[in-house]
Amino acid sequence: MIRLSGLRNSRPRRDVRSFAKVPYNGSVQRWAILQENVKDFTIKALSTTRWECRVEAVKAVRYQLPDILNALEALHDFATEKNDSECASSASSLCQELKKWPFMVSCVVWYNVLYVINKVSKILQGPKVSIETMKREISAVIDFLQDFREHGFNAAKIDAREIAEKIEVEMIWPDVRQKKTKRQFDYEGREETTSTAEEHFRREFFLHLVDTALVKTRERFSYMENFFKLYGFLYSTDVMKSTVQAGNLDECCRRFEKTMEDVDAGDLKMEITGAVRSFPPHISSPLEVLSYIYKENILDLYPNLSIALRLLLTLPVTVASGERSFSTLKRLKTYLRSSMSQDRLSSLAVISIEHEIVETVDTDSIVRRFAEAKARRVRLV
């Protein structure tokens, strides 16, 4: 799962988190005000761990900012009538912060970045995702961030302008205090850089956020290139064919033999060359090639290729499968099963993890065969 920890330290999201401090759920009347004005997406507190919850929290503010402002104004009026100065002050100050132009732009930028990251994160958590899919999706994220770094700021301003026009707010950047370098000696020159408020926002928030996302994505998936270099020629029959035509098959097979030590480079080269010529054209992916080998009972003809494909298909792309196993173990090993043996626990875990396969099994026939089996009894003299 993509977790860009460096993005958690960005400051401009404090307004989204502050919305959760308004005591809507502390009163039935205040909660009714929120539900009356905000109807499409639920307002959520900003999560510090789950990226999907982060996207949902920003999405609610991104597409419902006018409705949220109406809810805050209605809450301010209600709190004033009830003489609740604390609630009225919180609603008024938060409403003023949400109406600022930099907040609207930052909200649009945040949602655009988090949406792409969350989409790829969901894909990588799939149990059948391959290294080829991971490489393609991560490359797409990097390309998006690079393009977003160059053109995303102006696009975010256009989207934020639509929001500002709906709530009738002026698109003004607040004045920024210019930094002045203190001179230690008289002969030193003044190195003062003057920049507008928009340039300061773009430099301190936008570029910082996008650059952090780029660096963290490249760091976390830097080892992906090593695996792609090792298994890249096995990703599809088209890739195998192009590798054979380019004359790089011998080098790839020798590298694979040196790293894995489970196959013979020469035999693997001959098997791939024969498979490219003889396999049907609709057989493309590694799973389809391996299934075809077992289905046609030609494992003796392609032993090294089948071993290489099995290694490729069983290679875990992310730690999501391991996390699912631990989550399953937590549900199975309860205090009611404290005396359960290790074999039974392992069997129950396999049944729970592979529940899709278990659903296809005819359990009635298994129970019937077990009941019809001859019982073995020990006679005690």
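Modeller: A residue counts as buried when its relative accessible area is under 20%, as exposed when that area is over 50%, and as partly exposed in between. Please keep in mind that we are looking at a predicted model.

Colleague: How many aromatic pairs does a search of the whole structure find, and what makes the pair of Tyr-111 and Tyr-115 tilted?

Modeller: The search, which covers the whole structure, finds 15 aromatic pairs. In the pair of Tyr-111 and Tyr-115 the rings are 5.9 Å apart, centre to centre, with 35° between their planes. Ring centres must lie within 6.5 Å for a pair, and planes under 30 degrees apart would count as stacked and over 60 as edge-to-face, so an angle of 35° leaves the word tilted.

Colleague: Why are Tyr-111 and Tyr-115 separated by about one helical turn?

Modeller: Because they are four residues apart in helix H5, which covers residues 101-124, about one helical turn lies between them.

Colleague: How do you know whether Tyr-111 and Tyr-115 are buried or partly exposed?

Modeller: Tyr-111 has a relative accessible area of 8%, which is under 20%, so Tyr-111 is buried. Tyr-115, with 46%, falls between the two limits and is therefore partly exposed.

Colleague: Why is the pair of Trp-173 and Phe-201 called tilted?

Modeller: Their ring centres are 5.0 Å apart and their planes stand at 45°, which is neither under 30 nor over 60 degrees, so this pair is tilted. The pair links distant parts of the chain, since Trp-173 is in the loop between helix H6 (131-167) and helix H7 (197-220), while Phe-201 is in helix H7, 28 residues apart. Both Trp-173 and Phe-201 are buried, and they belong to one aromatic cluster whose members include Trp-101, Phe-144 and Phe-205.

Colleague: What makes us say that the charged end of Lys-135 sits over the ring of Phe-228?

Modeller: The charged end of Lys-135 is 4.5 Å from the centre of that ring, and the distance limit for a charge over a ring is 6 Å. Arg-62, in turn, lies over the face of Tyr-63, at 4.5 Å from the ring centre.

Colleague: How do you know whether Ala-156 is buried or exposed, and which residues is Ala-156 in contact with?

Modeller: The relative accessible area of Ala-156 is 0%, which is under 20%, so Ala-156 is buried. This residue has its place in helix H6 and, leaving aside neighbours within four places in sequence, is in contact with Val-105, Val-108 and Val-109. Ala-156 and Val-105 are 51 residues apart in sequence, yet 6.0 Å apart in space, C-alpha to C-alpha.

How values were computed. Residues numbered from 1 in each chain as written. Predicted model: local features only at pLDDT ≥ 70, side-chain atom pairs only at ≥ 80, totals over all residues. Heavy atoms only, no water. Phe/Tyr/Trp six-rings, centres within 6.5 Å; stacked < 30°, edge-to-face > 60°. Helix = DSSP H or I, 4+ residues; strand = E, 2+ residues; numbered from the N terminus. Buried < 20%, exposed > 50% of the residue type's maximum accessible area, 1.4 Å probe, protein only. Lys NZ or Arg CZ within 6 Å of the ring centre and 35° of its normal. Contact = heavy atoms within 4.5 Å.
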